[in-house]
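Student: I'd like to walk through this model with you, one question at a time. Could you help me read it?

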Amino acid sequence: MADLLVIEGLSVAFGGVQALNRVSLSVHEGEILSIIGPNGAGKTSLFNSITGAYLPNQGRLLFRDKEITGRKPHEIARLGIARSFQNLKPFAEMTVRENVLIGLERRFSYGLLATILRSTRFRDEELNHRKSAGELLEFVGLGRRSRQLARNLTYGEQKMLEIARALALKPTLLLLDEPVAGMNPTETGFVMELVRKVRGEGITVVIIEHDMKMVMGISDRICVLDRGELIATGDPDEIRRNPRVIEAYLGGGATPNAEKQTPNPEP
Ligand SMILES: Nc1ncnc2c1ncn2[C@@H]1O[C@H](COP(=O)(O)OP(=O)(O)OP(=O)(O)O)[C@@H](O)[C@H]1O
Ligand SMILES: [Mg+2]
């Protein structure tokens with residue numbers, strides 16, 4: 001399979017903390033890849049580096065054979081990489097549909113003048129956006145909630161809204177940071193179903209997740225980080241049996257079969 005994203009020798013440091021230490025891995029086109037590892041292993045830092053939020057002090061990132069290291073987050077988003085956040089960030093006082101519309105408008109971002117003049121083209125696009133927002137919300141199962149204020153959604157629904165907002169960017173690569181953290185098993189099952197549907201649309205998905213039932217059930221491949229280092233890559237069976245992986249989890253007081261861990265708040 002072709003490589004969609006190649007990460008070469010990536011290091012990220014904060015003062016004395018080495019969040020990532022020469023991490024190399026590739027994401028294959030069309031796969032569902034999970035990144036797992038104990039709390040503080042560097043998983044979110046990896047996403048932050050891919051999306052341009054963190055500047056790596058070593059290494060390179062190549063997306064579709066093009067180097068993206070050091071590019072601005074909005075440039076990287078425009079190239080086709082979208083993410084959801086570990087901590088929820090919807091606009092609470094906007095409706096569900098408006099939250100998605102904002103994502104769509106970011107994608108098309110007209111010149112300011114065009115927006116002010118509300119040109120014909122702008123109005124046409126606006127109608128298209130409303131239609132796309134509706135379709136997207138149906139796609140993630142929030143169709144009937146579109147007129148609600150985002151703050152009135154259940155926690156699980158807000159997580160789905162996060163995914164809808166990321167999908168509004170029409171990404172080639174979707175990065176999900178703990179999409180089922182805090183969800184009940186029914187909601188988790190729904191997200192797993194959704195991730196498969198997203199992949200069915202030709203979108204490559206990378207998931208950071210502590211929920212091993214989801215990880216083992218959905219991943220084509222799994223990468224394991226421990227204290228900033230990539231310690232294993234393989235399919236779910238290989239990872240489950242890998243002695244270094246078992247050690248990393250046991251050393252941290254948890255097992256790779258643990259249902260859930262409490263994530264640290266995102267910095
Ligand atoms: N902006 C930052 N400033 C300082 N230290 C940071 C920053 N971001 C991450 N770190 C540190 O880097 C290390 C890796 O953090 P990261 O958030 O990437 O871990 P994680 O694997 O996502 O953990 P969790 O499972 O708890 O979400 C931690 O020691 C963290 O404190
Ligand atoms: Mg994290």
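**Around Ile76**

Student: Happy to start with one residue. Setting aside neighbours within four places in sequence, which residues are in contact with Ile76?

Tutor: Keep in mind that this is a predicted model. Once the neighbours within four places in sequence are left out, the contacts of Ile76 are Thr51, Gly52, Ile68, Arg71 and Ile81.

Student: Is Ile76 buried or exposed?

Tutor: Ile76 lies in helix α2, which covers residues 73–79. A residue counts as buried if 20 or more other C-beta atoms lie within 10 Å of its own. Ile76 has 20 other C-beta atoms within that 10 Å, so Ile76 is buried.

Student: How far apart in space are Ile76 and Ile50, C-alpha to C-alpha?

Tutor: In sequence, 26 residues separate Ile76 and Ile50. In space, C-alpha to C-alpha, the distance between Ile76 and Ile50 is 8.3 Å.

Student: Let's turn to the open sheet. What is the order of its four strands?

Tutor: The pairing in this open sheet is antiparallel. Its edge strands, each pairing on one side only, are β2 (17–28) and β5 (66–67). Helix α1 (residues 43–50) packs on the sheet, where it touches β1 (3–14), β2 and β4, and its direction makes about 65° with that of β2. The strand order is β2-β1-β4-β5.

Student: Which residue in β5 is the bridge partner of Leu62?

Tutor: Strand β4 spans residues 58–63 and pairs with β5 in the antiparallel sense, over two bridges. The bridge partner of Leu62 in β5 is Glu67.

Student: Now the ligand. Which element gives the largest share of the shell around ligand 1?

Tutor: There are 15 residues around ligand 1, and those that come nearest are Phe14, Ala19, Lys43, Thr44 and Ser45. Two or more residues of the shell come from each of β2 and α1. The largest share, three residues, is given by α1.

Student: How many residues of the shell around ligand 1 are charged?

Tutor: The shell around ligand 1 divides into six nonpolar residues and eight polar ones. The number of charged residues there is one.

Student: Why is strand β3 described as largely enclosed by the rest of the structure?

Tutor: Strand β3 covers residues 32–36. Ile32, Ser34 and Ile36 point one way from β3, Leu33 and Ile35 point the other way, and all are buried. The strand is largely enclosed because the number of its five residues that are buried is five.

Student: Which residue in β9 stands opposite Leu33?

Tutor: Strand β3 runs parallel to β8 (residues 204–208), joined to it by four bridges, and Ser34 stands opposite Ile207 in β8. Four bridges also join β3 to β9 (residues 221–226), again in parallel. In β9, the residue opposite Leu33 is Arg221.

Student: What about helix α6: how many of its 13 residues are buried?

Tutor: Helix α6 runs over residues 155–167 and reaches 19 Å from its first C-alpha to its last, close to the 18 Å expected at 1.5 Å a residue. Among its buried residues are Met160, Leu161, Ile163 and Leu167. Helix α6 is largely enclosed by the rest of the structure because its number of buried residues is 10.

Student: Finally, the whole chain: what percentage of its residues count as buried?

Tutor: The chain holds 10 helices and 10 strands. Among contacts between residues at least 6 apart in sequence, 68% join residues at least 24 apart. Of the chain's 267 residues, the share that count as buried is 40%.

Note on methods:
Residues are numbered from 1 along each chain as its sequence is written. Chains are lettered from A and ligands numbered from 1 in the order in which they are written. This is a predicted model: local features need pLDDT of at least 70, side-chain atom pairs count only at pLDDT 80 or more; totals for chains, interfaces and linings use all residues. Two strands pair if DSSP finds at least two bridges between them. Two residues are in contact if their C-beta atoms, placed from the backbone, lie within 7 Å. Axes are lines fitted to C-alpha atoms, for helices over the stretch in contact, and angles run from 0 to 180 degrees between N-to-C directions. A residue is buried if 20 or more other C-beta atoms lie within 10 Å of its own, exposed if 12 or fewer, and partly exposed in between; C-beta atoms are placed from the backbone. A residue is near a molecule or strand if its C-beta atom, placed from the backbone, lies within 6 Å of it. Ala, Val, Leu, Ile, Met, Phe, Trp, Tyr, Cys and Pro count as nonpolar, Asp, Glu, Lys and Arg as charged, and the others, Gly among them, as polar. The expected span of a helix is 1.5 Å times one less than its number of residues.
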